[in-house]
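Student: I am new to this structure. Could we go through its strands and helices in turn?
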Amino acid sequence: MNWLTTPNGRGYAPRAPAPLPTVSADALLAARELVLARVREDSRFLLAAHDGLDGDAIGSLIALHGLLSALGKRSSILIGPDDLPLPTQYRFLPPDGITSQPPPDISEWTVVLLDCGSIERNATPALRQGKHLLNIDHHHDNTRFAAVNYVNKDASCTAEIIWDLLHELQATLTPAIAQALYVALITDTGRFMYTNTSPTAHLMAAELLQAGVDVPALYRQVYEQQPLRRLTLLGIALGQIQRFDGGQLTLAVLSAADFDRAEANDSDSEGIIDELRAIKGTKVAVLAREDRDGEHKVSLRSTDGDVDVSEIARALGGGGHRRAAGFTTTLTPAELTAFLRQQIAAQLHGATDRAYVAV
Ligand code: 5GP
Ligand code: MN
């Protein structure tokens, strides 16, 4: 491994990305059967998702909780204290079954991790101590950390996988479950505009509408009840847009002081990245947010597929999808910018050895 020393003395070592495993259709079906067997046979389920909950994570948790409850199973949703209360736009969903403490007898519970590309994305160590660990996800670079890994990269969202399980188990699609699934679907597909918007995604939407989803009411809840601080934060970010390499990289950095100024928290930054990616000429949009430890949480989006941003994220220990990914880093904004420019150039032009970064 070649370590590089950054100007401020903190080294980092970008990894050459490991090739992703291919999963056959048979293996995927076998994993689905293993999940179904656990759901049928086990009686206690602890559900969790990645920290920094988004719409897919929350919708999948609530829908699976509803499904398990309808099947007569005991189910709890574990959400870490840092993720409570839920982001304001999701608070209208029924918060049934949420706990912030794992049960003391967790070794008797089946743990299900949803929408979680790697186990490190959930910081609760107790989750490793369940009776069984099920990994249900749609990230192509999922690290397959569990005993059962049901990872369908072709699912538009994790909620689409839950919707399929619900069919197989012949459970009723109640209006509450349909609403949770719909929130997950629209948020992960960018309201049916991203490349993961498959025919199945639309079939799912049709069925959810038949089950009672009130589209305009739900749209108002998710997108049009914004606290002013979110728009204040957006305004700060828009005022700090930087462009590099002819605009191919569009970047904004929000410091901890910016969050203080807007009286905003990290979940208030959701959606800002969509404004950055919409700027003409952008191939990769990046939003970096400084957290309380001085590290930066980085969101990456690729506009037209020329750059696989999950590969860039994996180089610094993160991951995601080809067109939407993220990681957390100790790099300074200047170092981060240099890293991103080099990685993008390497993918677009094969210009530089990807294992090395000049800062
Ligand atoms: P966002 O930018 O919206 O936080 O995340 C975009 C995508 O990248 C999501 O699918 C999310 O799960 C994934 N992602 C974000 N941060 C990380 C990270 O630190 N590690 C991994 N493995 N995936 C991440
Ligand atoms: Mn997802």
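**Strands, sheets and helix contacts**

Student: In strand 8, which residue is the bridge partner of glutamine 242?
Tutor: The model is a predicted one. Strand 7 and strand 8 (residues 249-254) run antiparallel and are joined by three bridges. Phenylalanine 244 stands opposite leucine 249 in strand 8. For glutamine 242, the bridge partner in strand 8 is leucine 251.

Student: Which residue in the turn between strand 7 and strand 8 has a positive phi?
Tutor: Strand 7 and strand 8 form a hairpin, with four residues between the two strands. In that turn, a positive phi of about 55° belongs to aspartate 245.

Student: Is strand 8 largely enclosed by the rest of the structure or left open?
Tutor: A residue counts as buried if 20 or more other C-beta atoms lie within 10 Å of its own. On one side of strand 8, Leu249, Leu251 and Val253 are buried, and on the other side Thr250, Ala252 and Leu254 are buried, so both faces are covered. Six of the six residues of strand 8 are buried, so the strand is largely enclosed.

Student: In strand 9, which residue is the bridge partner of alanine 252?
Tutor: Strand 8 runs parallel to strand 9, and six bridges join the two. Alanine 252 is one of the buried residues of strand 8. Its bridge partner in strand 9 is leucine 287.

Student: Which strands stand at the edges of the sheet with the order 7-8-9-10-12-11?
Tutor: This open sheet is formed by six strands, and its pairing is mixed. An edge strand has a single partner strand, so one side of it is left without a neighbour in the sheet. The strands in that position are strand 7 (242-244) and strand 11 (319-320).

Student: At about what angle does helix 11 run to strand 8?
Tutor: Helix 11 (residues 333-349) lies across strand 7, strand 8, strand 9 (284-290), strand 10 and strand 12 (324-329). Its angle to strand 8 is about 160°.

Student: Does lysine 297 count as buried, exposed or partly exposed?
Tutor: Lysine 297 is found in strand 10 (residues 296-302). Leaving out residues up to four places away in sequence, lysine 297 touches Asp266, Arg289, Asp291, Gly326 and Thr328. Buried needs 20 or more C-beta neighbours within 10 Å, and exposed needs 12 or fewer. With 18 such neighbours inside 10 Å, lysine 297 counts as partly exposed.

Student: How far apart in space are lysine 297 and isoleucine 279, C-alpha to C-alpha?
Tutor: In sequence, lysine 297 and isoleucine 279 are 18 residues apart. In space, the distance from C-alpha to C-alpha is 21 Å.

Student: Which are the edge strands of the sheet with the order 3-2-1-4-5-6?
Tutor: Six strands form this open sheet, and the pairing is parallel. Each edge strand pairs on one side only. The edge strands are strand 3 (98-99) and strand 6 (148-151).

Student: In strand 4, which residue is the bridge partner of alanine 48?
Tutor: Five of the six residues of strand 1 (residues 44-49) are buried, so this strand is largely enclosed by the rest of the structure. Strand 1 pairs with strand 2 (residues 74-78) in the parallel sense over four bridges, and leucine 46 stands opposite serine 76 in strand 2. Strand 1 also runs parallel to strand 4 (residues 110-114), to which five bridges join it. The bridge partner of alanine 48 in strand 4 is leucine 113.

Student: Are helix 2 and helix 3 roughly parallel or antiparallel to each other?
Tutor: Helix 2 (residues 55-70) lies across strand 1, strand 2 and strand 4. The axes of helix 2 and helix 3 (residues 158-168) are 8 Å apart, and the packing angle is about 15°. Angles under 35 degrees count as roughly parallel. Helix 2 and helix 3 are therefore roughly parallel.

Student: How many nonpolar residues has the contact of helix 4 with helix 5?
Tutor: The axes of helix 4 (residues 175-188) and helix 5 (residues 199-210) cross at roughly 150° and come within 10 Å. The helices are therefore roughly antiparallel to each other. Ala178, Leu181, Tyr182 and Leu185 of helix 4 make the contact with Ala201, Met204, Ala205 and Leu208 of helix 5. By class, the contact has no polar and no charged residues, and the number of nonpolar residues is eight.

Key. Residues numbered from 1 in each chain as written. Chains lettered and ligands numbered in written order. Predicted model: local features only at pLDDT ≥ 70, side-chain atom pairs only at ≥ 80, totals over all residues. Axes fitted to C-alpha atoms, helices over the stretch in contact; angles between N-to-C directions. Parallel < 35°, antiparallel > 145°, perpendicular 65-115°, else oblique. Pairing = 2+ DSSP bridges. Contact = placed C-beta atoms within 7 Å. Nonpolar A, V, L, I, M, F, W, Y, C, P; charged D, E, K, R; others polar.
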